[in-house]
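Me: I'd like to talk through the charged pairs in this one. Could you take me through them bit by bit?

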Amino acid sequence: MDIDAFVAVNSGRWERLAALLRQRRLDGAEADELIRNYQLTATDLSRVRTSAPDPSIVTRLSILLARARGLIAGAHEPAWNDVARFAVISLPAAFYRVRWWTIAAMLLFCVYGVAAGFWAYNDPAVLAQMGTPAMREQYANEAFEAYYSNYPAPDFAAQVWTNNAWITARAIGGGITGVFPIYILLQNAQGIGMSAAVMAEHDYLDVFFALILPHGLMELSAIFIAVGAGVKLCWAWVSPGPRTRARALAEEGRAIVTVAIGLAIVLGVSGLVEGFVTPSNLPTGVKITIGALVLAAYWVYTIVLGRRAVRDGETGDVRAEHAEDTVAMAA
């Protein structure tokens, strides 16, 4: 079969079927036309698969028929199936695909934060930027610890979740620039490093780590994930591989939306730890262990389920029938 001639003869009907699917309402004649075109297009797909299995045509017709079938039959999977698929396949795949970007962000944060802390601790002029000696003493003796207990735990957890969600949203939203997420990362690293310097100045570095590690292990990891995902989006534009830049940005952008939804859940968990565990009377070792277990659970979830999902071809993007028609790309 001459595939070019076949497409030239039948593409008008396929485009008409797509146009009918885009209409909000169909009259009786249009509904009949939709069903007729659906049946003929299904036959076309069968012929292509049998005689000339061109991947771009097979993909185009498969997606078109899936959309038509959903409209004609009115059938869909139960909502819980979609939720389960998101939790077990889409989200871990999206997290897994940004794992190295996440680790790179973590390393940059740690190096810059430690450097900023040492710099401030050893330079009185830099420490002075944090306030007068009396102000820094009050911060180390009272304010730093009081921050975690000034509000009722539920209110504080909600406040923390909102603040951190805003940070990660900006990191992801500005990802296309490639610069803004890194700026947010370094800004937060510097802030934590300077706080550590003030606490170390007054011999409260142990208190600093005791209060920041229980929730900070997962909370900061969420920021690393957001920054990594944002920079990965920029990289998809810089180096799209065999895809067009538009297609690469569309696919990675949809996958990053999956990451953003997942981070809302992750930050909710870290907010609960910060609101209820960090200011509690539990021994410091127990509090840090709880934080470490939360972080470990994230990485087990990401690596075990994510690796399996990615191996099966998942990326965190929406399923093919929910995306626009795309042209197959060379591997």
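Me: Let's start with Arg-136, does that count as buried or exposed?

Reply: This is a predicted model, and in it Arg-136 counts as buried, with a relative accessibility of 8%.

Me: And which side chain does Arg-136 meet in a salt bridge?

Reply: The side chain of Arg-136 meets that of Glu-201, at 3.0 Å from N to O. Arg-136 belongs to helix α7 (residues 133-146) whereas Glu-201 belongs to helix α9 (residues 180-201), so the salt bridge ties together parts that lie 65 residues apart in sequence.

Me: What about Glu-201, buried or partly exposed?

Reply: Glu-201 is partly exposed, its relative accessible area being 29%, while its partner Arg-136 is buried.

Me: Zooming out, how many salt bridges does a search of the whole structure find?

Reply: The search of the whole structure finds 9 salt bridges.

Me: OK, over to Arg-16, what does that one pair with?

Reply: Arg-16 forms a salt bridge with Glu-33, and the closest N and O atoms of the two are 2.9 Å apart. Since Arg-16 sits in helix α1 (residues 3-22) and Glu-33 in helix α2 (residues 28-51), this pair ties together parts that are 17 residues apart in sequence.

Me: Which of those two is buried?

Reply: Glu-33 is buried, at a relative accessible area of 19%, which falls under the 20% cut-off for that label. Arg-16, with a relative accessible area of 31%, is partly exposed.

Me: Switching topic, where is Glu-251 found?

Reply: Glu-251 is found in helix α11, and at 17% relative accessibility this residue counts as buried.

Me: How far apart are the closest N and O atoms in its salt bridge with Arg-247?

Reply: In the salt bridge between Glu-251 and Arg-247, the closest N and O atoms are 2.7 Å apart.

Me: And why are Glu-251 and Arg-247 separated by about one helical turn?

Reply: Because the two residues are 4 residues apart in helix α11, which covers residues 245-277, about one helical turn separates them.

Me: Which residues are linked with them in a network of salt bridges?

Reply: The network of salt bridges links Arg-97, Lys-232, Arg-243, Arg-247, Glu-251 and Glu-252.

Me: Last one, what is Glu-251 in contact with, leaving aside neighbours within four places in sequence?

Reply: With those neighbours left aside, Glu-251 is in contact with Arg-243 and Asp-317; of these two, Arg-243 also appears in the network of salt bridges that includes Glu-251.

Methods. Residues numbered from 1 in each chain as written. Predicted model: local features only at pLDDT ≥ 70, side-chain atom pairs only at ≥ 80, totals over all residues. Heavy atoms only, no water. Salt bridge = Lys/Arg side-chain N within 4 Å of Asp/Glu carboxyl O. Buried < 20%, exposed > 50% of the residue type's maximum accessible area, 1.4 Å probe, protein only. Contact = heavy atoms within 4.5 Å.
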